[in-house]
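Q: Could you take me through one part of this model close up? I'd like to see how the packing is put together, residue by residue.

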Amino acid sequence: MPVSGISSCGRVIWITGLSGAGKSTLARALMPHLPGAVLLDGDDLRAVLGTETSGFDRQSRLRLAMIYARFCKLLADQGHTVVIATISLFHEVHAWNRAHVPGYLEVWLESPEEVRRARDPKGLYAAAAQGEMRQMAGQDTPVDVPLAPHLTLDTAALSPAQCLDALLKLLREK
C-alpha cells in the first residue's frame with residue numbers, strides 16, 4: 001500500500017551494511033510502499049552487469065560501487081525512486097552520492113558479527129571460516145562504516161518490521 005506524504009520525485013535509498021545485516025530483506029519489504037520504485041540488489045547487479053567475475057579486492061569493489069552509484073543517479077535523474085541494497089562501504093562513494101544523487105538517503109544496517117554469521121544467507125561466513133573464501137567485506141577486506149547515515153538501524157535489536165517502520169517514518173519526514 002502506498003504511503004501518503006512521501007514524494008514521488010526521483011531519489012535513491014541506499015541501504016548498506018555487511019553481508020547478513022538484512023539489506024535485501026529491508027529493501028524487499030520497502031518496495032510495496034513505494035509504487036513504481038526500482039529495486040537494485042548488489043548480487044543481482046553483478047550478474048546483470050556481467051561483473052560477477054570482477055574481483056572482490058578493495059579497488060574492484062570500489063569501481064563497482066561507483067558504477068552502482070552512477071546507475072542510481074541516472075535512474076533518479078529520470079524521476080525514479082531507486083532502492084539499492086548493496087555493501088558498497090566506501091566513504092568516497094557515500095560522499096559522491098551526497099554530492100550528485102538527487103534525494104539521496106543513506107541507511108546503515110549494523111549488527112554484531114555473531115548475528116550476521118548465524119544468518120549467513122549466502123554461506124559466505126561459513127566459506128570464509130573454512131578458508132574457501134577470501135576478500136570478504138568486513139572480514140579480510142576493510143570497509144568504511146558510513147560517517148553520517150541518514151538512518152542507522154541495529155538489525156539484531158530490531159525486527160524487520162521495526163526497521164521498515166523506522167525507514168518509512170524517515171521517508172515521510174523527508
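A: Here's a walk through the nonpolar packing, followed by one helix pair. Keep in mind that this is a predicted model.

Start with the largest nonpolar core, which has 22 residues. The members that touch the most others are Ile13, Ile15, Leu26, Leu30, Val107 and Leu167. At least two core residues come from each of strands S1 (11-17), S3 (81-85), S4 (104-110) and S5 (151-154), and likewise from each of helices H1 (23-30) and H7 (160-173). H7 is the top contributor, giving six residues.

Now zoom in on Val107. Leaving out residues up to four places away in sequence, Val107 touches Ile13, Trp14, Ile15 and Thr16, plus Leu26, Leu151, Leu153 and Leu167. There's also a second, separate core, this one of 20 residues, with Leu45, Met66, Tyr68 and Ala76 among them.

Met66 leads us on to the helix pair, since that residue is also one of those in H3 that meet H4. The axes of H3 (residues 58-77) and H4 (residues 91-100) come within 10 Å and cross at roughly 15°. An angle under 35 degrees counts as roughly parallel, so that's what H3 is to H4. As for handedness, the crossing is right-handed.

Who's touching whom? On the H3 side you have Arg58, Leu62, Ala65, Met66, Ala69, Arg70 and Lys73, and they meet Glu92, Val93, Trp96, Asn97 and His100 in H4. Sorted by class, that contact has six nonpolar, two polar and four charged residues.

Notes. Residues numbered from 1 in each chain as written. Predicted model: local features only at pLDDT ≥ 70, side-chain atom pairs only at ≥ 80, totals over all residues. Heavy atoms only, no water. Axes fitted to C-alpha atoms, helices over the stretch in contact; angles between N-to-C directions. Helix = DSSP H or I, 4+ residues; strand = E, 2+ residues; numbered from the N terminus. Parallel < 35°, antiparallel > 145°, perpendicular 65-115°, else oblique. Left-handed = near helix turned anticlockwise from the far one by under 90°. Contact = heavy atoms within 4.5 Å. Nonpolar A, V, L, I, M, F, W, Y, C, P; charged D, E, K, R; others polar. Core = buried A, V, L, I, M, F, W, Y, C linked by side-chain atoms within 4.5 Å. Buried < 20%, exposed > 50% of the residue type's maximum accessible area, 1.4 Å probe, protein only.
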